[in-house]
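Here's a short set of exercises to work through with the model open in your viewer. Try each task before you read the solution.

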Amino acid sequence: MPESTLTVFEKDSFNAEKYVKELVQDCVGGPELQQTKAKIQSHSDTVSSTLKKHVYENYMQFIETAKEISHLESEMYQLSHILIEQRNLLSTLRDESMLDDQKYIIEDQSVDPNVNEEQQNKKAIQLIKESLLGYKGNLDDKVFIYEGGLIELDTNDYRPICRIHLFLFNDVLVLAKVKHDKKLEFLTEYDTKKIAVINIKDLDGVNKNAINVITSDGARIFQCVNSASKLEWIDKFEVAIKFHQLKHKKGPAPQPPTSLKFDKQKSVDSDMLSPSASASVSIIVEKQAPDWLASAPEEIQAEIAQRHFEDSLTLVQKCEEHLARDSSFANAAEIGEKIKTLKTTLSSVLMQELSSSQSRSLQAALRSSRRPLKLLVEMGKAREACGILLRVCSTAIRTSQRQARRNNLAVSELFFCDVAQVSSEFLRAFSSKASCTSALIVWCNLELQYFASQLIKHYLTKDTQLEMVAKVVEGVREPCSKLTDIGLDLSYHMEGLLRNTLEQLLEEAKYRLVDSIGRTEDVWQPYNLQTKTNLRAVLKEFEGVGVDMQPLVTGDTWINLTQTTVNFCRHFLATAESCAHLAKYDSLKTDAELLLKELFLAQHAIKPHAAMNVDLNFVAKNKTYMSEVLLPIAIARFEKISDKKPDLLAELQLQLRGPPKPKPRSVYKTDVL
């Protein structure tokens, strides 16, 4: 017979058919085959049990890790919030001091206004070259337009990065970093043909007097000293851009205004107006673009500045279609590059428009996001747009959750309602982009983890009463299950996130409740309610939970049970109801039943003190009532609420009934104690 150990199954060359044939050949008769089969089944069960154990251990470690990460995320979020406030305060103070200290390189020098413009331009360029550390470029053939100091901001959160000094020429933009000793260190330069400038709307507490310069390296945001300086920079950039755009047309090129702070205007080099230049221009413009296409870049830029995004996108698409059909004219490549740059600018502006709704409520953010989302999807920027939208929604949801906790509102219903709104809006906006659905699923899981961590932190803490735990869990389960209407099933994931905490709370409640049994000494006498009103109130209370105590009433105000038994019945039924709500989660059913079983047995095992003179039949009556009336009612309520049969409680009920009673005997004998 071949090997029967586990090693034979672990070999790479293991063949099931060959193994079975060898078994049949080596085993004599059916009994040996049955024994071999039993051994193989035993190995299978062992492997399956080990695998389940390892899977369970890995799952528990994953839950523990997720819980620790969630707590760490919460603490990091609070710390980040504090640091952001401190950073903003320090940045404001620093910016005020830096902006007050801005100087112009050219203004600081004594320039004679009587000198002609060409000499002024040369002198300005010489001063700039002397002030720039590490610059190796050539500025001699440039026309100086404007210069000044600004603050560069982070494109994501508008955080100040460093001081920047800009030098704007007719065809180049030079960037220099302001060092601590106020010297200028050259950073980079950009061709003005490939830049665009967007006026950023001022937002309180976020940014003020900022402009967005779209370069070949991406968007760079700069903050000006004041609104007047901001407008001045925008005008100068327009001069530089138009200077380059119109220099190839017939006639004189536009003259840039002086940046040397004189009243008279600067003239362009006379070489631009020479007959030879005019002749060359006439050759270039023999086949120019249509008028509407030549002026399209300026119109698109104006539409973007006026926030007419739909019109600007329509014009961009029209230009792209025309260039795709006919690009034989001389300046087709130049116009195409401008259209491409402006399309990038439009995309950047729409992204900023989408991000600007971050400080609003969720409903307002979703409403304001529809317009930029539609355009971004049409432009093919769906992946970036969905990421920004989900970040905005996360901020809005977490803000509303904090407000709901402060106002003692139903946080669970609010959270899942918000998730449903975000999911519906997301699916509507990206219905044609199936690839974006994965981003929504990942976002839902992350938000669910954060929500579970906050729920545990604020509502499921240690020593929380079992009734409150059941109320919180039930408040989570119902709205979570409703998400299946829109195709989201998060119930299983939610159960996994709460499972470990709920198991600990059930364990703590079990020790606490069982330990409280027997703390109050029972006199083992019928319960006197003192008045008929009190008696009617108790009877009505128990009738509401399905217990009829009317047959136990004796006299005017007596119940033929001890006060301890009556109180335990009330408490046990309430605990059974709470455990039943928790037992709706399959993973908690056994723990919930175990709590009820041990609580019942602890009360059922109480005996009167040996020195007490009590009626043993009355003691037996209390125990019988608990096992034959209270326990079946609790089992029925548990099964009705949880929709699961309580196996442990059913076994306990059978144990308490004992073996079948013998036939009646003529001699009375009691076996109660």
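**Exercise 1. Decide whether Glu425 is buried or exposed, then find its salt-bridge partner.**

Keep in mind that you're looking at a predicted model.
- Step 1: Glu425 has a relative accessible area of 7%. Buried means under 20%, so Glu425 is buried.
- Step 2: Look for a partner of opposite charge. The Glu425 side chain meets that of Arg370 in a salt bridge, at 3.0 Å from N to O.
- Step 3: Place the two residues. Arg370 sits in helix H11 (residues 362-378) and Glu425 in helix H13 (residues 411-429), so this pair ties together parts that are 55 residues apart in sequence.
- Step 4: Check the partner's accessibility. Arg370 comes out at 41%, so it counts as partly exposed.

**Exercise 2. Work out which parts of the chain the Glu474 and Lys584 salt bridge links.**

- Step 1: Start with the distance: the side chains of Glu474 and Lys584 meet at 2.9 Å, N to O.
- Step 2: Now locate the ends. Glu474 belongs to helix H15 (residues 466-481), while Lys584 is in the loop between helix H18 (563-582) and helix H19 (589-604). That's a link between distant parts of the chain, 110 residues apart.
- Step 3: Compare with the cut-offs. Glu474, at 12% relative accessibility, counts as buried. Lys584 has 27%, which makes it partly exposed.

**Exercise 3. Say how the salt bridge between Asp191 and Lys193 scores for distance and accessibility.**

- Step 1: The closest N and O atoms of Asp191 and Lys193 are 3.6 Å apart. A salt bridge needs them within 4 Å, so the pair qualifies.
- Step 2: Asp191 is partly exposed, with 28% relative accessibility. Lys193 is partly exposed too, at 41%.
- Step 3: Widen the view. The whole structure holds 23 salt bridges, and Asp141, Lys142 and Asp171 are linked in a network of them.

**Exercise 4. Find which residues have the most contacts inside the largest nonpolar core, and which helix gives the most to it.**

- Step 1: A general point first: in soluble globular proteins, nonpolar side chains tend to be buried together.
- Step 2: Here the largest nonpolar core has 119 residues. Phe416, Phe430, Trp443, Met494, Leu502 and Ile559 have the most contacts inside it.
- Step 3: The top contributor is helix H12 (residues 382-406), with eleven residues.
- Step 4: Zoom in on Leu502. Once you leave aside neighbours within four places in sequence, Leu502 is in contact with Leu460, Val469, Val473, Tyr585 and Leu588.
- Step 5: Another core, of 20 residues, lies apart from the largest one; Ile145, Leu166, Leu173 and Tyr190 are among its members.

**Exercise 5. Name the residues of the nonpolar surface patch that includes Leu79.**

- Step 1: Leu79 is part of helix H3 (residues 29-99). With 42% relative accessibility, Leu79 counts as partly exposed.
- Step 2: Leu72, Met76, Leu79 and Leu83 make up the patch, which covers about 380 Å².

**Exercise 6. Give the strand order of the three-stranded open sheet and pick out its edge strands.**

- Step 1: The order is E9-E11-E10, and the pairing is antiparallel.
- Step 2: Strand E9 (527-528) and strand E10 (553-554) each pair on one side only, so they are the edge strands.
- Step 3: Look at E9 and strand E11 (residues 558-559): two bridges join them. In this pairing, Asn528 stands opposite Trp558 in E11.

Definitions and conventions:
Residues numbered from 1 in each chain as written. Predicted model: local features only at pLDDT ≥ 70, side-chain atom pairs only at ≥ 80, totals over all residues. Heavy atoms only, no water. Patch = residues over 30% accessible without salt bridge, like charges linked within 9 Å, V, L, I, M, F, W, Y side chains within 5 Å. Areas by Shrake-Rupley, 256 points an atom, 1.4 Å probe, with all protein chains shown as cover. Helix = DSSP H or I, 4+ residues; strand = E, 2+ residues; numbered from the N terminus. Buried < 20%, exposed > 50% of the residue type's maximum accessible area, 1.4 Å probe, protein only. Core = buried A, V, L, I, M, F, W, Y, C linked by side-chain atoms within 4.5 Å. Contact = heavy atoms within 4.5 Å.
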